[in-house]
Each structure stands twice: as structure tokens, then as C-alpha cells.
Amino acid sequence: MADVKLTDIRKSFGPVDVIKGVDLDITAGEFVVFVGPSGCGKSTLLRMIAGLEDITSGELRIGGEVMNDIDPSKRGIAMVFQSYALYPHMTVRENMSFALKYAKVPKDEIDRQVNSASKILGLESLMERKPKALSGGQRQRVAIGRSIVRQPKVFLFDEPLSNLDAELRVHMRIEIARLHRELGTTIVYVTHDQVEAMTLADKIVVLRAGIIEQVGAPLELYDNPANTFVAGFIGSPRMNFFDGRVKACDGSRCHVELPAFDNAVVAIPLKGSMPAVGSDVSLGVRPEHFHDDGEGLLSLTIDMLEHLGGETFAYARSATGAMVVIETKHGRDLQSGQQFDARFRTDAALLFDKAGKRIY
Amino acid sequence: MKNLPETIRMACTYVFLVLMAFLSLFPFVWMMIGATNTNTDVTKGKISFGSAFFDNFAKLSELFDVGQIFLNSAKIAIVGSFFTLLISSMAGYGFEIFRSALRERVYQALLLSMMVPFAALMIPLFTLLATADVLDTHMAVILPAVASAYIIFYFRQSTKAFPSELRDAARVDGLKEWQIFLFVYVPVMRSTYAAAFIIVFMTAWNNFLWPLIVLQSNELKTITLAISSLGSSYSPDFGVIMVATVLATLPTLLVFFAMQRQFVQGMLGSVK
Ligand SMILES: Nc1ncnc2c1ncn2[C@@H]1O[C@H](COP(=O)(O)OP(=O)(O)OP(=O)(O)O)[C@@H](O)[C@H]1O
Ligand SMILES: [Mg+2]
């Protein structure tokens, strides 16, 4: 267990800046998940922590020690790769003991470590097989086992589950969560998958184009995104954004006019300073915040319905063509093409300024 | 009847294939037959097995120390292949794995060097080896082949299929660069090595011109040189020549059949 501290970390590949100044504190034992769109630099950042990629500038500390120029094998980290990266010419047992052999760990100590890891992961019956003879889930378990035996202070995972099918992914996700609980090791985990991020993380780091957009606990990011990017990125289906104009503000509420909805006016409660009257804003409403007793009223036409059994996602349009996604409990009563008055909870709606920053 | 054109097409295909098979196999069969016949029978064009094989072999042994010559060829081919594979695969691996500003330039220069005909290299190479004072040794035959642009090219192409995450994993596991190469890359790419080995071994074994130029001592000569000297004598004994040729062909056949599966696999790409 160790903490990880990144101070103004930067990375360029030649003239291209990929990581543009990242500051991040990861406390010991924490499960941190990096999310962000493809190409935003998640893997690069993780590989810099691992020591597989040079750090252009900034300081990386693991367990208090500066690790910028330390060899990957001496950083106390272990990494699990997306493609598993098992040595194809070695058996499971050899794969798992390989690193220890090179670290000149005594033979009986290696055996003890490997056996205990294989027990934790249920690999006992597979130890003499080659990776080719394993299923995807088993390979992933071996890859995790291989990193456990090294008893790292920090585990690094780069999209470890993205090559697995949906069912296995759920299963392995639970297993990784259990592993984290049992070992208590710090984990840094990269994923595309929102559900993985929301369910596994103690702390989510949202990256965009080499910059941290927001850091926080999963529900905190969900409830209180700092900008439209995070608001749109976390949550599925995406949050709805409506262009609006501030019409008036009183003590605690901001009245926003929505041109896309026949200039309907909704009153959004705010805690902080009010935006200037007349300024352009963006109103964010999550699909599940549409509710029968909400105060905001929008008139819509339903395009399409997705019945998931318990709830229904209605994809609808305003008179001017603005798209809206609504989650509703009584989707069975609705029909495509139907006119429909949707109400949403104004107290759960979020307001963003023109640049996308949240107005509190 | 609508299948008639199809039948004719098939028939043509088969006739063509049989013809090609015959063309490529006939010299081989003829060589085997010739090896068992006397010189007179061979020159008369006899196309059936005779009984003179052991006589021919005895005559060959009188002319040459067959064991020594075989050993010379084997030494050059095996030692040469080993070093060619080692050096050229390291180069190919390096070219693909390590980034550098000059990498592509150097690589292109290397590929361009494949276009220089060997005839143009012979004299400078000869002078070079003379300066190094290794003429008339097996080293002189082996050295020029060790860095083969073609094999480097082949290994660089194959290395593209080598998963970079495997290298990362090995680095995290604490292996040094040379250990990654030796203990991860080489075993993973073994079918690539097998395919390259066949190519390199055959080239080295069949090499004629260069050994002819640099080897002068009789006890260093290779089997290809021996065969050629048999043919250039005043009255060549074709039975003996055929025996020598059979002997010369055997090892390449053996190597090929022993490694055929890996060869095909290596040609298709080794990492599955
Ligand atoms: N070796 C390299 N040379 C040049 N550019 C690179 C190199 N490696 C990565 N990049 C660039 O850095 C950026 C970030 O890449 P990275 O792999 O970290 O993205 P990512 O967030 O992991 O994306 P994904 O979700 O698709 O895995 C990309 O634009 C990529 O093109
Ligand atoms: Mg990535």
C-alpha cells in the first residue's frame, strides 16, 4: 500500500503535448479510476506511473519517493494489460513466477506466493496450462495473479476487461472489487466503461485532452459535475442540455427562457451568485429527473421508445427539433409520435455558463 | 451436360499441374537415377535405376575426403545461420521497437543496399577481408552473410506482429533489454526463426561463388566447390557427380521437411 502523488506531470511525444499538467493525489489503499474519451491520455498517464513512458516534466512520487527515473520493476507497481500480455510460451505457473525468478526470490518463497495467488483467483487446476488453452476470463485472472505475486504497493490496470464479453465483465468486475477489499492495495484503473468506473471507484478522475476535468467520488461527479463535459460524460443515457437565456433572477432562483421550447420559462434554484440577466446559459437535465410532479414543463413529441421492462427511455423532440431523452416508469402507456408534456425536477437541474462551467 | 466447360477447365488445370510437377521433379529423379548408374549409362541417357551407386561413391571418396568436405559445408551453414539469425533478428527487432529520429533513414539505406548486385561487392569485400587477414578461412565465407538486409527486413516485418504489451509486461517484471530479447522475443517468435533458418541455411549451404573466391586450401573446400571441380575435369564422371549432388541435396531436404510446418507458420506470421 502506498500513496501516489503527481505534480504538474507533462508528456510530449515530439512536438505533440499529450499530458498537459496533471496534479493528482491518490491516497494509500484508494481505488482510483481514470475515465475520458479515447485518446485523452489515460493510458499514457498510467504508463508514466508504471515507468513505461518517460515523464517529460513534473514529479511522480510513489510512497513518498520520487520515482521519475526509477526502473518500472523497482517502483513497487504491477500492471495488468488490456491484451493480458501473458508470455505465450510459458505455463500459467511460469508466467506467474517469472518476475520473482528475476528478482532472485528463493524458490520455496516463489512457490508459496504463486500458490496463494492461484488460490485467491481459483487458478489451481490451470497451473500447468499454456495461455493459449485458457478462456479470456481465465487469462485475465492469470494476468491479475501474475501481478499479485509481486506484492506491489500499487496495481495499475489498463482497460483490463474490455476484451471480455458482457457477462464475464460483470463477473470480473466483482472479482476485482473483492480483490481490492481483500488486499487493500492502491489501485489505478483505466476504463472506457462508465459502469466499471461508477461501481469500482473510490475516486474518479475525468480526463480530457491531457487535462483533468474533475476529480471526485462517483456520486459526487454524478450529482455535482463541474462542467458540461463531466456532466455529459458521466451518466448513461447522457444528460440533456438545452440552450437558454437568463430572463430574471430573484433571491434564490434563476428564471431561464428556453427558445427551443416555445420560450418556456423554468425557474432553477441556485445557491451561489446569480448569472447576469440576458446571458446565455445551458440547462442540464438528466433523463431520470423527468418526473410527474416536477415544476419544469416541456412539450415534446416522442420519436422512439426503448422499453427495458422496469423503465422506458423515450427519445423525444421539441417543436424546433431539440432532442430530449427521458426516463419514465410508465412508458407502456406511451406511443411513438405521441404529443407529450414532460415535467422535470427543477431542483435537480443544473445550470452551466456559455463556456460550459457550472453555475452553482 | 452443363458441367462440360467446368470439366474441361479442371482437366486443363490438372494437365498443367502435372506438367509443372514433372518439370520440377524430373531433374531430381534423374539425379537419383544417375547416382546409381555408371558414367557410360548416364551419358547414354539411361532412365532406370542401376547398381553402380557404391562404385560411384567409392570413386568420389578417392577424389575427396567426403567427410571433411561435408563437415566444412555443415560448419559454414550452421555457424553462419546461427550468427545471421542472431545479428539480423536483433537488428530487425531494434529497428521496429526502438524509436529514433534517424531510424527510417538508416533502414531505407539498408533496404537500398539489397539492390546492389553481389558482383559489385565482390572486389571491395575481398580486399576488406584480405586486410582483415581472414582470407582462406571459413570466417571469410561466414562474415559477409551475417548482416543480411533481407533477413533484417523479414524480422522487422515479423516484429510488427510482436505485441508491444508483452515487452511492457517484461519490463515491469524486471527484465533488462537483452533478457527481453532472449527470453521473451526469441521464444515467442520461434516460427519466424524457423522460417528464416531454412532460408539462411539453404543459402549458405548452396553458396558457391563466394567460397570459390575466398577458399583456396583443399581441406577447407565445401561440397558445392567439390561438385564443380568434378564437373570441370577433363572427362567428367557423371555417375560420381550425381552421387555428390545427392549428398549435397540431402541436408537441405532434411532441414526443410523437419521444419516445414514452422516454415509455413512463420511465413504466415508467427504470433497468433
Ligand atoms: N508513442 C506515441 N507517439 C506519439 N503519440 C502517441 C504515442 N502514444 C500515444 N500517443 C498519442 O497520445 C494520445 C493519448 O494516447 P493514450 O493511449 O494515452 O489515449 P487513451 O486515453 O488511453 O485512449 P484509449 O481510450 O483509446 O485507450 C493519443 O492522441 C495518441 O495518439
Ligand atoms: Mg488506452
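**A pocket in chain B and a ligand between two chains**

The lining of the largest pocket comprises 23 nonpolar residues, nine polar ones and no charged residues. This pocket belongs to a predicted model, and its volume is about 920 Å³. Helices H4 (66-97), H5 (103-113), H6 (118-131), H7 (138-146), H8 (149-159), H11 (190-206) and H12 (209-214) of chain B are the elements that each give two or more residues to the lining. In total, 32 residues line the pocket. Those nearest its centre are B:Phe118, B:Pro144, B:Ala145, B:Ala147 and B:Ser148. Which helix gives the most to the lining of the largest pocket? That is H11(B), with five residues. A general remark explains how such spaces are found: a probe the size of a water molecule, rolled over the atoms, shows where empty space is left.

The next site is that of ligand 1, which lies between chains A and B. Chain A surrounds the ligand with A:Phe13, A:Val18, A:Ser38, A:Gly39, A:Cys40, A:Gly41, A:Lys42, A:Ser43, A:Thr44, A:Glu159 and A:His192, while B:Arg99 is the residue from chain B. Sorted by class, this shell has three nonpolar, six polar and three charged residues. The largest share of the shell, three residues, comes from helix H1 (residues 42-50) of chain A.

Several contacts can be followed from the ligand's oxygen atoms into chain A. The side chain of A:Ser43 places a polar atom 2.5 Å from an oxygen atom of ligand 1. For A:Lys42, an N or O atom in the side chain is 2.7 Å from an oxygen atom of the ligand. At A:Cys40 the partner is a polar backbone atom, 3.2 Å from an oxygen atom of ligand 1. How much of the ligand's accessible area does the protein cover? Of the 640 Å² that ligand 1 has on its own, 61% is covered.

Two details of the chain A backbone are also worth finding. As background, most residues other than glycine have a negative phi, and most peptide bonds are trans. A:Asp8, in strand S1 (residues 4-13) of chain A, has a positive phi, near 45°. Further along the chain, A:Ser236 and A:Pro237 are joined by a cis peptide bond, with omega about 0°. A:Pro237 sits in the loop between helix H8 (228-233) and strand S11 (240-249) of chain A.

Last comes the predictor's confidence. Chain A has a mean pLDDT of 91, with 100% of its residues at 70 or more. Within chain A, the mean is lowest in strand S18 (residues 339-344), at 87, and highest in strand S3 (residues 31-35), at 96. Chain B, which holds the helices named for the pocket, averages a pLDDT of 89, and 98% of its residues score at least 70. For the complex, the predictor gives an ipTM of 0.84 and a pTM of 0.83.

Methods
Residues numbered from 1 in each chain as written. Chains lettered and ligands numbered in written order. Predicted model: local features only at pLDDT ≥ 70, side-chain atom pairs only at ≥ 80, totals over all residues. Heavy atoms only, no water. pLDDT = per-residue confidence, 0-100. Helix = DSSP H or I, 4+ residues; strand = E, 2+ residues; numbered from the N terminus. Near = heavy atom within 4 Å. Polar contact = N/O pair within 3.5 Å; in protein donor to acceptor, adjacent residues only side chain to side chain. Areas by Shrake-Rupley, 256 points an atom, 1.4 Å probe, with all protein chains shown as cover. Nonpolar A, V, L, I, M, F, W, Y, C, P; charged D, E, K, R; others polar. 1 Å grid on protein atoms, 1.4 Å probe; cavity = no way out; pocket = protein on both sides within 12 Å on 5 of 7 lines; lining within 4 Å. Points joined across faces, edges and corners; volume = space filled by probe spheres on them.
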